Amino acid sequence: MKHEFSKEHRQYLAKKKRDLALVWALRIGILVLLLGLWEMAADLGWVDPFLTSSPSRIGKTIASLYADGSLFYHIGVTLLETLIGFVIAVALGCIIALLLWWSETLKRVLEPYIVVLNALPKIALGPLIIIWFGTGSEAIVFMTVLVGIIVATLHMLGAFMATDSNKILLLRSMGASKLQILLKLVIPSSLPAFISMLKVNVGMAWIGSIMGEYIVSRAGLGYLIVYGGQVFKLDLVMSATCILCVLAAGMYALVVLLEKLIVKNAES
Amino acid sequence: MKNEILRFDNVTLTYHTKRGETTAAEKLTFSVREGEFVAIIGPSGCGKTTLLSLAAGLLTPSTGTVTRRGSCGYMLQKDELFPWRTIEKNIYLPLEIGHKNTPERRAEAVELAEKYGLSDFLQSYPPQLSGGMRQRAALIRTLAAEPDILLLDEPFSALDYQTRLNVCDDVSSIIRSEEKTALLITHDISEAISLADRVIVLTKRPARVAFEHELDFGEENRPIKRREMRQFSAWFEILWKELNV
(Lines give C-alpha, C1' and ligand atoms only; values in the text may rest on other atoms or scores of the structure.)
Protein backbone atom coordinates (compact mmCIF):
# COMPACT_ATOMS: atom_id res chain seq x y z
CA MET A 1 0.00 0.00 0.00
CA LYS A 2 1.31 3.41 -0.91
CA HIS A 3 0.25 6.43 1.09
CA GLU A 4 0.33 10.07 0.10
CA PHE A 5 1.32 11.74 3.34
CA SER A 6 0.31 15.26 4.26
CA LYS A 7 2.93 17.99 4.38
CA GLU A 8 2.91 18.00 8.18
CA HIS A 9 3.48 14.27 8.27
CA ARG A 10 6.39 14.52 5.83
CA GLN A 11 7.90 17.23 8.01
CA TYR A 12 7.37 15.04 11.05
CA LEU A 13 9.15 12.12 9.38
CA ALA A 14 12.00 14.37 8.25
CA LYS A 15 12.40 15.66 11.80
CA LYS A 16 12.48 12.10 13.16
CA LYS A 17 15.20 11.28 10.66
CA ARG A 18 17.21 14.36 11.60
CA ASP A 19 16.90 13.49 15.29
CA LEU A 20 18.21 10.00 14.66
CA ALA A 21 21.12 11.33 12.60
CA LEU A 22 21.97 13.77 15.40
CA VAL A 23 21.99 11.00 18.02
CA TRP A 24 24.32 8.89 15.88
CA ALA A 25 26.58 11.87 15.15
CA LEU A 26 26.86 12.54 18.89
CA ARG A 27 27.51 8.89 19.70
CA ILE A 28 30.34 8.69 17.20
CA GLY A 29 31.55 12.17 18.15
CA ILE A 30 31.93 11.14 21.80
CA LEU A 31 33.94 8.08 20.81
CA VAL A 32 36.24 10.06 18.53
CA LEU A 33 36.65 12.78 21.15
CA LEU A 34 37.53 10.30 23.90
CA LEU A 35 39.98 8.41 21.71
CA GLY A 36 41.50 11.69 20.53
CA LEU A 37 41.92 13.00 24.08
CA TRP A 38 43.42 9.71 25.18
CA GLU A 39 45.90 9.71 22.30
CA MET A 40 46.78 13.35 22.89
CA ALA A 41 47.25 12.88 26.62
CA ALA A 42 49.62 9.98 25.96
CA ASP A 43 51.54 11.75 23.17
CA LEU A 44 51.99 15.01 25.07
CA GLY A 45 53.07 13.16 28.20
CA TRP A 46 50.09 14.24 30.35
CA VAL A 47 49.81 10.61 31.35
CA ASP A 48 52.31 7.77 31.18
CA PRO A 49 51.38 5.60 28.14
CA PHE A 50 53.20 2.71 29.83
CA LEU A 51 50.35 2.72 32.40
CA THR A 52 47.43 3.98 30.32
CA SER A 53 48.36 2.74 26.86
CA SER A 54 46.91 4.74 23.96
CA PRO A 55 44.70 4.15 20.94
CA SER A 56 47.65 4.02 18.57
CA ARG A 57 49.54 1.56 20.79
CA ILE A 58 46.38 -0.58 21.04
CA GLY A 59 46.16 -0.51 17.26
CA LYS A 60 49.78 -1.58 16.94
CA THR A 61 49.33 -4.37 19.49
CA ILE A 62 46.30 -5.72 17.69
CA ALA A 63 48.16 -5.51 14.38
CA SER A 64 51.11 -7.47 15.76
CA LEU A 65 48.76 -10.06 17.28
CA TYR A 66 47.20 -10.36 13.85
CA ALA A 67 50.62 -10.60 12.18
CA ASP A 68 51.80 -13.52 14.31
CA GLY A 69 48.44 -15.25 13.78
CA SER A 70 47.43 -15.31 17.45
CA LEU A 71 44.67 -12.68 17.25
CA PHE A 72 41.97 -14.91 15.81
CA TYR A 73 43.25 -17.87 17.78
CA HIS A 74 42.61 -16.11 21.10
CA ILE A 75 39.34 -14.61 19.91
CA GLY A 76 38.23 -18.01 18.64
CA VAL A 77 39.03 -19.76 21.91
CA THR A 78 37.13 -17.28 24.05
CA LEU A 79 34.24 -16.93 21.63
CA LEU A 80 33.76 -20.69 21.41
CA GLU A 81 33.87 -21.12 25.19
CA THR A 82 31.41 -18.30 25.64
CA LEU A 83 28.98 -19.53 23.00
CA ILE A 84 29.03 -23.16 24.15
CA GLY A 85 28.59 -22.08 27.77
CA PHE A 86 25.80 -19.69 26.77
CA VAL A 87 23.87 -22.30 24.79
CA ILE A 88 24.20 -24.97 27.49
CA ALA A 89 23.20 -22.54 30.25
CA VAL A 90 20.15 -21.33 28.32
CA ALA A 91 19.04 -24.83 27.30
CA LEU A 92 19.48 -26.37 30.74
CA GLY A 93 17.95 -23.32 32.42
CA CYS A 94 14.83 -23.63 30.28
CA ILE A 95 14.54 -27.37 30.88
CA ILE A 96 14.94 -27.02 34.64
CA ALA A 97 12.42 -24.18 34.68
CA LEU A 98 9.96 -26.38 32.76
CA LEU A 99 10.38 -29.21 35.26
CA LEU A 100 9.90 -26.84 38.18
CA TRP A 101 6.79 -25.38 36.54
CA TRP A 102 5.45 -28.87 35.92
CA SER A 103 5.84 -30.08 39.49
CA GLU A 104 4.80 -27.74 42.27
CA THR A 105 6.31 -30.17 44.80
CA LEU A 106 9.67 -30.25 43.02
CA LYS A 107 9.65 -26.46 42.93
CA ARG A 108 8.96 -26.17 46.63
CA VAL A 109 11.57 -28.77 47.52
CA LEU A 110 14.32 -27.23 45.40
CA GLU A 111 13.58 -23.58 46.16
CA PRO A 112 16.15 -23.14 48.99
CA TYR A 113 18.86 -24.85 46.93
CA ILE A 114 18.28 -22.54 44.01
CA VAL A 115 18.28 -19.48 46.25
CA VAL A 116 21.62 -20.49 47.76
CA LEU A 117 23.17 -21.34 44.40
CA ASN A 118 21.97 -18.01 43.04
CA ALA A 119 23.53 -16.07 45.90
CA LEU A 120 26.80 -18.03 45.86
CA PRO A 121 29.66 -16.19 44.09
CA LYS A 122 30.53 -18.79 41.47
CA ILE A 123 34.20 -17.81 41.52
CA ALA A 124 34.41 -19.45 44.93
CA LEU A 125 34.16 -22.74 43.09
CA GLY A 126 37.29 -21.91 41.04
CA PRO A 127 39.70 -24.34 42.74
CA LEU A 128 37.14 -27.15 42.59
CA ILE A 129 36.58 -26.56 38.90
CA ILE A 130 40.32 -26.78 38.18
CA ILE A 131 40.56 -30.06 40.07
CA TRP A 132 37.45 -31.51 38.44
CA PHE A 133 37.88 -30.31 34.89
CA GLY A 134 41.59 -29.63 34.58
CA THR A 135 43.02 -26.57 32.95
CA GLY A 136 41.45 -26.82 29.51
CA SER A 137 38.44 -25.20 27.92
CA GLU A 138 36.07 -27.59 29.73
CA ALA A 139 36.71 -25.79 33.00
CA ILE A 140 35.91 -22.43 31.43
CA VAL A 141 32.76 -23.68 29.73
CA PHE A 142 31.66 -25.15 33.06
CA MET A 143 32.22 -21.80 34.79
CA THR A 144 30.21 -20.05 32.05
CA VAL A 145 27.34 -22.50 32.45
CA LEU A 146 27.44 -22.10 36.21
CA VAL A 147 27.16 -18.32 36.00
CA GLY A 148 24.32 -18.37 33.47
CA ILE A 149 22.19 -21.34 34.39
CA ILE A 150 20.62 -20.07 37.60
CA VAL A 151 19.73 -16.73 36.05
CA ALA A 152 18.18 -18.53 33.07
CA THR A 153 16.23 -20.89 35.33
CA LEU A 154 14.87 -18.19 37.62
CA HIS A 155 14.02 -15.87 34.74
CA MET A 156 12.10 -18.53 32.80
CA LEU A 157 10.41 -20.00 35.88
CA GLY A 158 9.20 -16.51 36.74
CA ALA A 159 7.78 -16.14 33.24
CA PHE A 160 6.11 -19.58 33.30
CA MET A 161 4.55 -18.92 36.69
CA ALA A 162 3.26 -15.52 35.55
CA THR A 163 1.07 -17.09 32.86
CA ASP A 164 -2.37 -15.49 32.94
CA SER A 165 -4.48 -17.65 35.26
CA ASN A 166 -7.68 -16.78 33.38
CA LYS A 167 -6.21 -18.12 30.17
CA ILE A 168 -5.29 -21.32 32.00
CA LEU A 169 -8.87 -21.50 33.29
CA LEU A 170 -10.14 -21.02 29.75
CA LEU A 171 -8.00 -23.87 28.43
CA ARG A 172 -8.98 -26.13 31.32
CA SER A 173 -12.65 -25.44 30.58
CA MET A 174 -11.95 -26.69 27.04
CA GLY A 175 -10.61 -29.86 28.62
CA ALA A 176 -6.93 -29.15 28.00
CA SER A 177 -4.27 -31.41 29.50
CA LYS A 178 -1.28 -30.01 31.36
CA LEU A 179 0.90 -30.69 28.32
CA GLN A 180 -1.52 -28.79 26.08
CA ILE A 181 -1.56 -25.87 28.51
CA LEU A 182 2.23 -25.88 28.40
CA LEU A 183 2.51 -26.07 24.62
CA LYS A 184 -0.39 -23.83 23.61
CA LEU A 185 -0.15 -21.18 26.30
CA VAL A 186 2.77 -21.20 28.74
CA ILE A 187 5.60 -21.51 26.21
CA PRO A 188 4.27 -19.06 23.60
CA SER A 189 3.36 -16.48 26.21
CA SER A 190 6.89 -16.73 27.68
CA LEU A 191 8.60 -15.87 24.41
CA PRO A 192 9.22 -12.19 25.29
CA ALA A 193 10.69 -13.28 28.63
CA PHE A 194 12.89 -15.78 26.77
CA ILE A 195 14.33 -12.99 24.64
CA SER A 196 15.01 -10.77 27.63
CA MET A 197 16.62 -13.76 29.37
CA LEU A 198 18.91 -14.20 26.35
CA LYS A 199 19.93 -10.56 26.59
CA VAL A 200 20.78 -10.89 30.27
CA ASN A 201 22.61 -14.14 29.66
CA VAL A 202 24.84 -12.70 26.93
CA GLY A 203 26.40 -10.59 29.67
CA MET A 204 26.46 -13.53 32.07
CA ALA A 205 28.23 -15.76 29.54
CA TRP A 206 31.04 -13.23 29.05
CA ILE A 207 31.42 -12.82 32.81
CA GLY A 208 31.64 -16.60 33.12
CA SER A 209 34.14 -17.20 30.34
CA ILE A 210 36.49 -14.35 31.23
CA MET A 211 36.29 -15.21 34.93
CA GLY A 212 37.04 -18.81 34.01
CA GLU A 213 40.04 -17.74 31.94
CA TYR A 214 41.31 -15.63 34.85
CA ILE A 215 41.34 -18.72 37.06
CA VAL A 216 42.70 -21.20 34.61
CA SER A 217 43.68 -20.86 30.95
CA ARG A 218 46.39 -21.08 28.36
CA ALA A 219 44.64 -19.11 25.66
CA GLY A 220 41.82 -16.65 25.10
CA LEU A 221 41.16 -12.98 25.68
CA GLY A 222 40.89 -13.43 29.45
CA TYR A 223 44.28 -15.16 29.34
CA LEU A 224 45.76 -12.22 27.40
CA ILE A 225 44.40 -9.80 29.98
CA VAL A 226 45.80 -11.75 32.94
CA TYR A 227 49.11 -12.38 31.18
CA GLY A 228 49.37 -8.75 30.11
CA GLY A 229 48.75 -7.64 33.69
CA GLN A 230 51.37 -10.00 35.08
CA VAL A 231 54.12 -8.86 32.71
CA PHE A 232 52.98 -5.23 32.84
CA LYS A 233 52.08 -5.10 29.15
CA LEU A 234 49.10 -2.83 29.58
CA ASP A 235 48.82 -2.37 25.82
CA LEU A 236 47.90 -6.02 25.66
CA VAL A 237 45.38 -5.67 28.51
CA MET A 238 43.71 -2.70 26.83
CA SER A 239 43.70 -4.38 23.41
CA ALA A 240 42.05 -7.53 24.70
CA THR A 241 39.49 -5.44 26.60
CA CYS A 242 38.63 -3.46 23.46
CA ILE A 243 38.18 -6.66 21.47
CA LEU A 244 35.93 -7.98 24.24
CA CYS A 245 33.77 -4.86 24.03
CA VAL A 246 33.29 -5.36 20.30
CA LEU A 247 32.51 -9.09 20.66
CA ALA A 248 30.03 -8.60 23.51
CA ALA A 249 28.27 -5.84 21.57
CA GLY A 250 28.18 -8.08 18.49
CA MET A 251 26.63 -10.97 20.40
CA TYR A 252 24.03 -8.66 21.93
CA ALA A 253 23.22 -7.31 18.47
CA LEU A 254 22.66 -10.88 17.28
CA VAL A 255 20.12 -11.45 20.05
CA VAL A 256 18.35 -8.22 19.10
CA LEU A 257 18.29 -9.43 15.49
CA LEU A 258 16.84 -12.75 16.64
CA GLU A 259 14.19 -10.84 18.60
CA LYS A 260 13.20 -8.90 15.49
CA LEU A 261 12.99 -12.10 13.45
CA ILE A 262 10.81 -13.82 16.02
CA VAL A 263 8.52 -10.86 16.52
CA LYS A 264 8.17 -10.52 12.75
CA ASN A 265 7.41 -14.22 12.41
CA ALA A 266 4.81 -14.08 15.15
CA GLU A 267 2.99 -11.36 13.27
CA SER A 268 3.07 -12.78 9.77
CA MET B 1 -37.31 -33.18 34.34
CA LYS B 2 -36.53 -33.97 30.75
CA ASN B 3 -34.39 -31.86 28.44
CA GLU B 4 -32.26 -30.74 31.32
CA ILE B 5 -28.76 -29.94 30.20
CA LEU B 6 -27.38 -28.95 33.54
CA ARG B 7 -28.58 -29.85 36.99
CA PHE B 8 -27.28 -28.91 40.44
CA ASP B 9 -28.63 -31.22 43.15
CA ASN B 10 -28.08 -30.17 46.75
CA VAL B 11 -24.61 -28.94 45.88
CA THR B 12 -22.41 -27.82 48.75
CA LEU B 13 -18.86 -26.67 48.23
CA THR B 14 -16.40 -26.00 51.01
CA TYR B 15 -13.03 -24.36 50.43
CA HIS B 16 -10.11 -25.24 52.61
CA THR B 17 -7.33 -22.79 53.23
CA LYS B 18 -4.73 -22.52 55.97
CA ARG B 19 -6.88 -20.02 57.83
CA GLY B 20 -9.92 -22.25 57.88
CA GLU B 21 -12.76 -23.34 55.74
CA THR B 22 -15.35 -21.35 53.84
CA THR B 23 -18.59 -22.68 52.54
CA ALA B 24 -19.01 -21.11 49.12
CA ALA B 25 -22.26 -22.79 48.18
CA GLU B 26 -24.80 -24.61 50.29
CA LYS B 27 -27.51 -27.03 49.18
CA LEU B 28 -27.76 -25.39 45.82
CA THR B 29 -30.45 -26.87 43.59
CA PHE B 30 -31.42 -25.61 40.16
CA SER B 31 -31.39 -26.73 36.56
CA VAL B 32 -31.04 -25.36 33.05
CA ARG B 33 -33.21 -26.76 30.27
CA GLU B 34 -32.20 -27.14 26.67
CA GLY B 35 -32.47 -23.92 24.67
CA GLU B 36 -32.99 -21.84 27.78
CA PHE B 37 -31.10 -18.69 28.73
CA VAL B 38 -30.74 -18.61 32.51
CA ALA B 39 -29.17 -15.78 34.44
CA ILE B 40 -27.89 -16.13 37.97
CA ILE B 41 -27.46 -12.98 39.99
CA GLY B 42 -26.12 -12.61 43.46
CA PRO B 43 -24.47 -10.13 45.78
CA SER B 44 -20.78 -9.63 45.03
CA GLY B 45 -18.56 -12.25 46.59
CA CYS B 46 -21.29 -14.87 46.75
CA GLY B 47 -19.19 -17.35 44.84
CA LYS B 48 -20.55 -16.84 41.34
CA THR B 49 -17.39 -17.89 39.60
CA THR B 50 -17.16 -20.95 41.86
CA LEU B 51 -20.56 -21.90 40.58
CA LEU B 52 -19.45 -21.76 36.96
CA SER B 53 -16.34 -23.77 37.78
CA LEU B 54 -18.64 -26.40 39.28
CA ALA B 55 -20.81 -26.34 36.16
CA ALA B 56 -17.74 -26.66 33.95
CA GLY B 57 -16.53 -29.61 35.97
CA LEU B 58 -13.34 -27.84 37.04
CA LEU B 59 -14.38 -28.21 40.69
CA THR B 60 -16.04 -31.16 42.36
CA PRO B 61 -18.75 -30.44 44.92
CA SER B 62 -18.11 -31.43 48.53
CA THR B 63 -21.55 -33.00 48.68
CA GLY B 64 -24.39 -33.19 46.20
CA THR B 65 -24.10 -33.71 42.48
CA VAL B 66 -23.67 -31.65 39.34
CA THR B 67 -24.95 -33.37 36.22
CA ARG B 68 -24.20 -31.99 32.80
CA ARG B 69 -25.33 -33.48 29.54
CA GLY B 70 -22.87 -32.71 26.80
CA SER B 71 -19.97 -30.29 26.58
CA CYS B 72 -19.68 -26.74 27.83
CA GLY B 73 -18.06 -23.59 26.54
CA TYR B 74 -16.74 -21.04 28.98
CA MET B 75 -16.69 -17.30 28.29
CA LEU B 76 -14.87 -15.06 30.73
CA GLN B 77 -14.96 -11.38 31.68
CA LYS B 78 -12.11 -10.56 29.37
CA ASP B 79 -11.89 -12.03 25.90
CA GLU B 80 -8.68 -13.91 26.76
CA LEU B 81 -7.77 -14.13 23.09
CA PHE B 82 -4.15 -15.22 22.65
CA PRO B 83 -2.30 -12.16 21.31
CA TRP B 84 0.23 -14.23 19.37
CA ARG B 85 -2.49 -15.94 17.35
CA THR B 86 -4.62 -14.43 14.62
CA ILE B 87 -8.36 -14.30 15.22
CA GLU B 88 -8.71 -17.31 12.93
CA LYS B 89 -6.15 -19.32 14.91
CA ASN B 90 -7.78 -18.23 18.16
CA ILE B 91 -11.08 -19.59 16.93
CA TYR B 92 -9.42 -22.94 16.16
CA LEU B 93 -8.06 -23.20 19.70
CA PRO B 94 -10.88 -25.29 21.20
CA LEU B 95 -10.70 -27.61 18.18
CA GLU B 96 -6.98 -28.14 18.73
CA ILE B 97 -7.49 -28.79 22.42
CA GLY B 98 -10.34 -31.21 21.80
CA HIS B 99 -8.42 -33.02 19.01
CA LYS B 100 -11.20 -32.05 16.62
CA ASN B 101 -9.02 -29.94 14.38
CA THR B 102 -10.34 -31.34 11.11
CA PRO B 103 -10.76 -29.33 7.89
CA GLU B 104 -14.56 -29.70 8.20
CA ARG B 105 -14.67 -28.33 11.74
CA ARG B 106 -12.31 -25.52 10.81
CA ALA B 107 -14.51 -24.61 7.85
CA GLU B 108 -17.57 -24.58 10.12
CA ALA B 109 -15.79 -22.33 12.58
CA VAL B 110 -14.75 -19.90 9.84
CA GLU B 111 -18.27 -19.94 8.46
CA LEU B 112 -19.58 -19.01 11.89
CA ALA B 113 -17.06 -16.19 12.16
CA GLU B 114 -17.99 -14.88 8.73
CA LYS B 115 -21.69 -15.10 9.48
CA TYR B 116 -21.20 -12.83 12.47
CA GLY B 117 -19.10 -10.18 10.79
CA LEU B 118 -15.56 -11.29 11.54
CA SER B 119 -14.50 -12.05 7.95
CA ASP B 120 -12.35 -8.94 7.70
CA PHE B 121 -10.60 -9.68 10.96
CA LEU B 122 -9.72 -13.36 10.60
CA GLN B 123 -6.11 -12.59 9.77
CA SER B 124 -5.81 -9.75 12.31
CA TYR B 125 -4.26 -10.03 15.73
CA PRO B 126 -6.42 -9.39 18.80
CA PRO B 127 -4.79 -6.06 19.75
CA GLN B 128 -5.88 -4.68 16.35
CA LEU B 129 -9.57 -5.19 17.21
CA SER B 130 -11.90 -3.08 19.32
CA GLY B 131 -13.07 -4.39 22.69
CA GLY B 132 -16.49 -5.23 21.33
CA MET B 133 -15.10 -7.09 18.31
CA ARG B 134 -12.73 -9.02 20.52
CA GLN B 135 -15.55 -10.15 22.78
CA ARG B 136 -17.48 -11.22 19.70
CA ALA B 137 -14.44 -13.21 18.53
CA ALA B 138 -14.27 -14.79 21.98
CA LEU B 139 -17.90 -15.87 21.63
CA ILE B 140 -17.25 -17.38 18.20
CA ARG B 141 -14.26 -19.21 19.66
CA THR B 142 -16.52 -20.61 22.37
CA LEU B 143 -19.15 -21.61 19.80
CA ALA B 144 -16.57 -23.23 17.49
CA ALA B 145 -16.35 -26.16 19.89
CA GLU B 146 -20.13 -26.61 19.44
CA PRO B 147 -20.80 -26.71 23.18
CA ASP B 148 -24.15 -27.93 24.46
CA ILE B 149 -24.22 -25.19 27.07
CA LEU B 150 -22.51 -21.82 27.25
CA LEU B 151 -21.24 -20.63 30.60
CA LEU B 152 -20.94 -16.85 30.66
CA ASP B 153 -19.00 -15.29 33.52
CA GLU B 154 -19.92 -11.59 33.45
CA PRO B 155 -18.79 -11.44 29.84
CA PHE B 156 -19.50 -7.72 29.45
CA SER B 157 -18.14 -6.31 32.67
CA ALA B 158 -14.77 -5.35 31.21
CA LEU B 159 -16.32 -3.19 28.48
CA ASP B 160 -17.30 0.46 28.64
CA TYR B 161 -21.01 1.23 28.91
CA GLN B 162 -21.73 2.03 25.25
CA THR B 163 -19.86 -1.03 23.94
CA ARG B 164 -21.42 -3.09 26.65
CA LEU B 165 -24.98 -2.48 25.45
CA ASN B 166 -24.00 -3.25 21.87
CA VAL B 167 -22.04 -6.39 22.68
CA CYS B 168 -24.82 -7.54 24.97
CA ASP B 169 -27.25 -7.25 22.05
CA ASP B 170 -24.77 -8.89 19.77
CA VAL B 171 -24.05 -11.86 21.98
CA SER B 172 -27.71 -12.32 22.76
CA SER B 173 -28.72 -12.41 19.10
CA ILE B 174 -25.91 -14.84 18.21
CA ILE B 175 -26.80 -17.19 21.05
CA ARG B 176 -30.50 -17.01 20.22
CA SER B 177 -30.05 -17.58 16.51
CA GLU B 178 -27.68 -20.50 17.13
CA GLU B 179 -30.32 -21.83 19.54
CA LYS B 180 -27.78 -22.36 22.28
CA THR B 181 -28.41 -23.02 25.92
CA ALA B 182 -26.72 -20.47 28.15
CA LEU B 183 -26.04 -19.89 31.81
CA LEU B 184 -25.04 -16.31 32.59
CA ILE B 185 -23.60 -15.27 35.91
CA THR B 186 -23.61 -11.57 36.67
CA HIS B 187 -24.02 -8.99 39.38
CA ASP B 188 -25.71 -6.63 36.92
CA ILE B 189 -29.48 -6.85 37.41
CA SER B 190 -30.36 -5.05 34.18
CA GLU B 191 -28.12 -7.34 32.17
CA ALA B 192 -29.83 -10.39 33.64
CA ILE B 193 -33.30 -9.02 32.89
CA SER B 194 -32.45 -7.96 29.36
CA LEU B 195 -30.91 -11.31 28.41
CA ALA B 196 -32.52 -14.18 30.26
CA ASP B 197 -35.64 -16.31 30.11
CA ARG B 198 -35.27 -17.13 33.75
CA VAL B 199 -33.45 -15.42 36.61
CA ILE B 200 -32.14 -17.15 39.72
CA VAL B 201 -31.27 -14.97 42.70
CA LEU B 202 -28.62 -16.21 45.10
CA THR B 203 -28.11 -15.31 48.74
CA LYS B 204 -24.93 -13.99 50.25
CA ARG B 205 -22.17 -16.50 50.93
CA PRO B 206 -22.74 -19.38 51.34
CA ALA B 207 -24.74 -19.18 48.12
CA ARG B 208 -28.20 -20.68 48.16
CA VAL B 209 -31.07 -20.18 45.74
CA ALA B 210 -33.16 -17.39 47.24
CA PHE B 211 -35.64 -16.72 44.44
CA GLU B 212 -36.37 -17.91 40.95
CA HIS B 213 -38.35 -16.02 38.30
CA GLU B 214 -39.60 -16.85 34.84
CA LEU B 215 -39.44 -13.52 32.97
CA ASP B 216 -42.47 -12.44 30.94
CA PHE B 217 -41.12 -10.64 27.92
CA GLY B 218 -42.92 -12.99 25.56
CA GLU B 219 -41.11 -13.39 22.28
CA GLU B 220 -39.03 -10.27 22.73
CA ASN B 221 -35.46 -11.25 23.48
CA ARG B 222 -33.50 -8.32 22.10
CA PRO B 223 -31.84 -6.70 25.13
CA ILE B 224 -32.16 -3.14 23.82
CA LYS B 225 -35.88 -3.56 23.19
CA ARG B 226 -36.43 -5.24 26.53
CA ARG B 227 -34.85 -2.32 28.29
CA GLU B 228 -37.58 -0.08 26.84
CA MET B 229 -40.44 -2.32 27.93
CA ARG B 230 -42.77 -1.65 30.79
CA GLN B 231 -41.94 -4.88 32.65
CA PHE B 232 -38.26 -4.05 32.73
CA SER B 233 -38.33 -1.57 35.57
CA ALA B 234 -40.81 -3.69 37.48
CA TRP B 235 -38.45 -6.64 37.33
CA PHE B 236 -35.55 -4.43 38.22
CA GLU B 237 -37.28 -3.30 41.35
CA ILE B 238 -38.21 -6.83 42.39
CA LEU B 239 -34.73 -8.22 41.85
CA TRP B 240 -33.07 -5.23 43.47
CA LYS B 241 -35.10 -5.80 46.62
CA GLU B 242 -34.43 -9.53 46.61
CA LEU B 243 -30.71 -8.97 46.26
CA ASN B 244 -30.67 -6.61 49.19
CA VAL B 245 -32.63 -8.67 51.67
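Begin with chain B of this predicted model and display its contacts between residues at least 6 apart in sequence: 71% of them join residues at least 24 apart.

Next, colour chain B by secondary structure. Eight helices and nine strands appear in this chain. The radius of gyration of chain B is 18 Å, close to the 18 Å that the globule rule gives for 245 residues, so the chain is as compact as a globular protein of that length. Reduce the display to the C-alpha trace and align the view with the principal axes; the trace of chain B then spans about 50 × 45 × 40 Å.

Now turn to burial and surface. Of the 245 residues in chain B, 55% count as buried. A surface representation of chain B shows about 11,200 Å² exposed, with 48% supplied by carbon and sulfur atoms.

Select the charged side chains of chain B. There are 32 positive and 35 negative ones, and the centres of these two sets lie 5 Å apart.

Finally, bring chain A into view and select the contact between the chains. Chain B contributes 17 residues to the contact, and chain A contributes 19 residues. The size of an interface is often given as the accessible area lost when the parts come together. Here the area buried between chain B and chain A is about 1,700 Å², and carbon and sulfur atoms give 67% of that area. To finish, label B:L58, B:W84 and B:I97: within chain B, these residues lose the most area to chain A, together accounting for 37% of what that side buries.

Methods. Residues are numbered from 1 along each chain as its sequence is written. Chains are lettered from A and ligands numbered from 1 in the order in which they are written. This is a predicted model: local features need pLDDT of at least 70, side-chain atom pairs count only at pLDDT 80 or more; totals for chains, interfaces and linings use all residues. Side-chain values use heavy atoms; hydrogens and water are left out. Helices (H or I, at least four residues) and strands (E, at least two) are DSSP runs, numbered from the N terminus. The radius of gyration is taken over C-alpha atoms; the globule rule is 2.2 Å times the number of residues to the power 0.38. Buried means under 20% relative accessible area, exposed over 50%, partly exposed in between (1.4 Å probe, protein chains only). Contact means heavy atoms within 4.5 Å. Accessible areas come from the Shrake-Rupley method with a 1.4 Å probe; for residues, only the protein chains shown count as cover. Lys and Arg count as positive and Asp and Glu as negative; His and the chain ends are not counted. The place of a charge is taken as NZ of Lys, CZ of Arg, CG of Asp or CD of Glu. Buried area is the accessible area (1.4 Å probe) that two parts lose on being put together, summed over both.
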